[in-house]
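Me: I'd like to go through this one with you, beginning with how the strands are put together. Can you take my questions as they come?

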Amino acid sequence: MFWVLLLLLAWAFAGTACTRLCLAAVRAAAADSAPAGDDAGAATHREHDLTLYEAAFLSGGPRRVADVTMVSMARQRRLLLAHTGWATVVDPRGRDEMERSVIGAIGPEGQSRIAPVRAAAAGAEAVRRLADGLVRAGLAVPDGARTTVADGVRQVRAAVPAVCALGLTALLLPGPTGLPRLLVALWFALPLTLTLSCLVIARAEVHPYSRWASPAGQRLLGALNRGPAGDGDERTFLTSVAVRGVRAIGEPELRAAFTHRDRPGRE
């Protein structure tokens, strides 16, 4: 009857993960409905026009803001991003706080590896102020509440192979199980059905999942994605990078600057 212990363990994995997902979904729904009774708050969401940095933060967090800032400066020839993974300052006068943060992260020598610059710029005070403003506007998830639906979905996804592995182990146990193998498999099918059902419901009800944007922020991002191309030039390009990340960069050398990895033993 050792398979019963494995079944209990499978239920523990499935039940814990699904409970966390449901609680996260309830909290997200409560946070989304809270401003609904406040006409001023709802109007703020409708009228808020996302800036490039705000769209970047809601899509990918602080590192995405740093990426967009560097790409914008590189496109204006004020920052040189080499395909070898180095950043070189061409114009040391930053036009806003984000650009000054990037220049400060590069340092007085005017040249640095891109990876540490991204990390330092992402943790700059300017990014923290941007995040605080989005949280106050109800568009971003507070820093202490980021066990969100996205995290819950990842936990349920992890529970699926765990339940399958436990069920397979129970079926392969030597000796008699006290029940036909088919019935044992059916018992393990119950927690597996629970986890898969939760994933289907989450996909239908709360998709897309986001770690950074609140439901209101996700709606603004959706409207931004569906919006017209506008000038069809620099603004559209940078908006695409803000929403999709560096993979949206069409220039191979510029994209290589962010994806470059040093070989072992090299500086």
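**Strands and a buried serine**

Reply: Gladly; in this predicted model, strand 1 and strand 2 form a hairpin in which four residues lie between them, and Gly85 in the turn has a positive phi of about 95°.

Me: In which sense do strand 1 and strand 2 pair, and over how many bridges?

Reply: Strand 1, which covers residues 79-81, pairs with strand 2 in the antiparallel sense, over three bridges. Within that pairing, Leu80 stands opposite Thr88 in strand 2.

Me: And what about strand 3, how does strand 2 pair with that?

Reply: Strand 2 and strand 3, the latter made up of residues 111-113, also pair in the antiparallel sense over three bridges, and here Ala87 stands opposite Ser112 in strand 3.

Me: Which side chains of strand 2 point to the buried face?

Reply: The side chains alternate along residues 86-89, with Ala87 and Val89 pointing to one face and being buried, whereas Trp86 and Thr88 point to the other face and are not buried.

Me: Switching topic: where does Ser101 lie, and is it buried or exposed?

Reply: Ser101 lies in helix 5, which spans residues 97-106. Ser101 counts as buried because its relative accessibility is 18%, and the cut-off for buried is under 20%.

Me: What does its side chain have for polar company?

Reply: A polar atom of the Ser101 side chain lies 2.9 Å from the backbone oxygen of Glu97.

Me: And which residues further off in sequence does Ser101 contact?

Reply: Once neighbours within four places in sequence are left aside, Ser101 is in contact with Ala124 and Ala126.

Key:
Residues are numbered from 1 along each chain as its sequence is written. This is a predicted model: local features need pLDDT of at least 70, side-chain atom pairs count only at pLDDT 80 or more; totals for chains, interfaces and linings use all residues. Side-chain values use heavy atoms; hydrogens and water are left out. Buried means under 20% relative accessible area, exposed over 50%, partly exposed in between (1.4 Å probe, protein chains only). Helices (H or I, at least four residues) and strands (E, at least two) are DSSP runs, numbered from the N terminus. Two strands pair if DSSP finds at least two bridges between them. A polar contact is a pair of N or O atoms within 3.5 Å; within protein, one must be able to donate a hydrogen and the other to accept it, and residues adjacent in sequence count only if both atoms are side-chain atoms. Contact means heavy atoms within 4.5 Å.
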